[in-house]
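Visitor: I have a structure to look at and some basic questions about it. Please show it to me.

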Amino acid sequence: MKKPLVTTMMTLLLSLSFVFAAQATPTVVLNGKMLSFDVQPVNESGITLVPLRAIFQALGASVQWDGATQTVTATKWQTEIKLTIGQNIAYKNGTPVTLQVPGKVIKGSTMVPLRFVSESLGASVNWKDGTIEIAEAIKPLMVTNENFFDPKASTGEIRVFATVENPNENYIPYRIQYCFSAYDSSGKLVATSGKGLPGSLVSTLYLIPPHQKITLSGTIYPGNEKVSKVKLNIPSFEWKKISSNIPVLSVKNVKLISDDSSSKIIGEVTNQSTETVNAWVLATFVDSKGTPVDGDKTAIDNIGPGQTLPFEMILFGKTGSAKIEVVAYPTRLNRIQ
């Protein structure tokens, strides 16, 4: 018995729709933002190939191309990838990796395997409803050098600080909520930092460069209690996406003016970007081993493009032979999403 013509045509159309769906150009999304390419991604034996330079740059890697050997070298901090067009072997930090599909030239554009490139640079790749989702893993902040400095002031004020490091390969803007706790030699909590209420959280947005550190500081008033150690508490933090370039801030003309009871730090911050930004200026005194022994911060608002503004901060107490380190970080961008 022959099938009706309508049924046959419907079956054929349904089959063709599955073929077209399988061959449809996938959408590529990086950290929630859709990427655009001059040459559309291509599916080769189930492996998606994308334009070389576009994907490496989207993932924050620098790219070098050797036309004579048809080899691309991409670097991103501690990771180096070498991939030669037409070869099934690529290299990550010198270790060979077998590719299911080699890179190739399509429509005059050099195409490379999307999953290999993304995962080699620390991102995860998932396929969902015709969309390839690339997500860069965000590691939590690393806290080191929790310390305090007691200037022996009559108010009983103690300066507390800690070093916070961005362990990621990317320039991550962290919104940090934090406070400090102080303990005596028996481990008893004797004081907490915060304004107004004991232990109230301070929330600040820091744009921390990859593998770089910043110093968070605070003040505690332990009264007659003896402080033996301090701890930085970060109950929560969040990171946000940036849709513009990171402003570059430079510090210059830093001077330290000290007397028997205080140290004044003065200097200037220059905004080298093309947009107005706010900044934190962080000053840290470190000993010969690089351990912070005192520090403070001050805010500068509305630094215009190319503008230079002065800053000043005062630390009470002697710093001895400690070395001073001063850095400036942008704290707000108009185009943070």
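Visitor: How many salt bridges does a search of the whole structure find?
Guide: This is a predicted model, in which local features need pLDDT of at least 70 and side-chain atom pairs count only at pLDDT 80 or more, while totals for chains, interfaces and linings use all residues. Residues are numbered from 1 along each chain as its sequence is written, and side-chain values use heavy atoms, with hydrogens and water left out. A salt bridge is a side-chain nitrogen of Lys or Arg within 4 Å of a carboxyl oxygen of Asp or Glu. By that rule, the search of the whole structure finds two.

Visitor: How many residues apart in sequence are the parts that E44 and K104 tie together?
Guide: The side chains of E44 and K104 form a salt bridge, at 3.5 Å from N to O. E44 belongs to strand β3 and K104 to strand β10 (strands are DSSP runs of E, at least two residues; helices are runs of H or I, at least four; both are numbered from the N terminus). The pair therefore ties together parts whose separation in sequence is 60 residues.

Visitor: Which helix holds both E119 and R115?
Guide: The side chains of E119 and R115 meet in a salt bridge of 3.1 Å, N to O. They are four residues apart, about one turn of the helix, and both lie in α3.

Visitor: In β19, which residue is the bridge partner of T163?
Guide: Strand β15 (residues 158-165) and β19 run antiparallel and are joined by eight bridges; two strands pair if DSSP finds at least two bridges between them. In β19, the partner of T163 is T215.
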